[in-house]
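Let's look at how some everyday structural labels are earned. Have the sequence and the 3D view at hand as you read.

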Amino acid sequence: MTGALGGLLALGEGDTALAYSRVEQAVALFKEMRHRYGTTVSLYTLAQVVAAQGDDARAQSLYEEGIAVARQEGNRQMVAVGLEGLARVVAVQGALSWAARLWGVAEALRETSGAPIAPRERPAYESSVAASRAQLGEQPFATAWAEGRLMTPEQALATRKQ
């Protein structure tokens with residue numbers, strides 16, 4: 001099996017090299033076809049693969065690229081998915097306030113678009129949020145999250161330097 005799905009399967013089996021190869025091919029193919037949704041999904045999948053390989057900076061870049069494509073497409077649900085993935089990798093890098101803002105704006109997007117987090121994604125999401133909340137502290141985390149809920153995705157992305 002090739003493409004992003006094949007890459008996810010390989011990643012699930014712990015073969016990050018095969019996962020990378022398959023997903024990188026999918027990204028190239030969808031970009032060539034100018035298929036925005038496929039490009040977005042493939043970029044997010046590739047971000048997961050490189051994060052699993054320990055390259056959080058590259059994962060961050062891939063999530064940001066995917067978010068830009070999802071925004072061009074006007075797909076609010078996929079923007080939220082990307083913001084959540086980006087929040088996970090920036091939290092690992094220590095940008096906990098930024099991560100909380102990203103999660104906050106993603107939550108608001110999901111509410112307005114009626115697209116809850118998929119049940120299979122919820123445990124990883126909740127684990128990342130809980131770890132970040134514990135590291136940053138309840139009140140600073142809640143404040144940053146609330147700020148994010150009032151932001152647009154563009155505004156939340158721009159807060160990285162704060």
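Buried means under 20% relative accessible area, exposed means over 50%, and partly exposed lies in between (1.4 Å probe, protein chains only). This is a predicted model, in which local features need pLDDT of at least 70, side-chain atom pairs count only at pLDDT 80 or more, and totals for chains, interfaces and linings use all residues. Residues are numbered from 1 along each chain as its sequence is written, and side-chain values use heavy atoms, with hydrogens and water left out.

Q: Why is R122 called partly exposed?
A: Its relative accessible area is 32%, which lies between 20% and 50%, so the label fits.

Q: What makes R101 buried?
A: R101 has a relative accessible area of 8%; that is under 20%, so R101 counts as buried.

Q: How do you know that R101 and E147 form a salt bridge?
A: A salt bridge needs a side-chain nitrogen of Lys or Arg within 4 Å of a carboxyl oxygen of Asp or Glu. Here the closest N and O atoms are 3.0 Å apart, so the pair qualifies.

Q: Why is the pair of F141 and W145 called tilted?
A: Rings of Phe, Tyr and Trp (its six-membered ring) pair if their centres lie within 6.5 Å; planes under 30 degrees apart are stacked, over 60 edge-to-face, and the rest tilted. These centres are 5.6 Å apart and the planes are at 45 degrees, so the pair is tilted.
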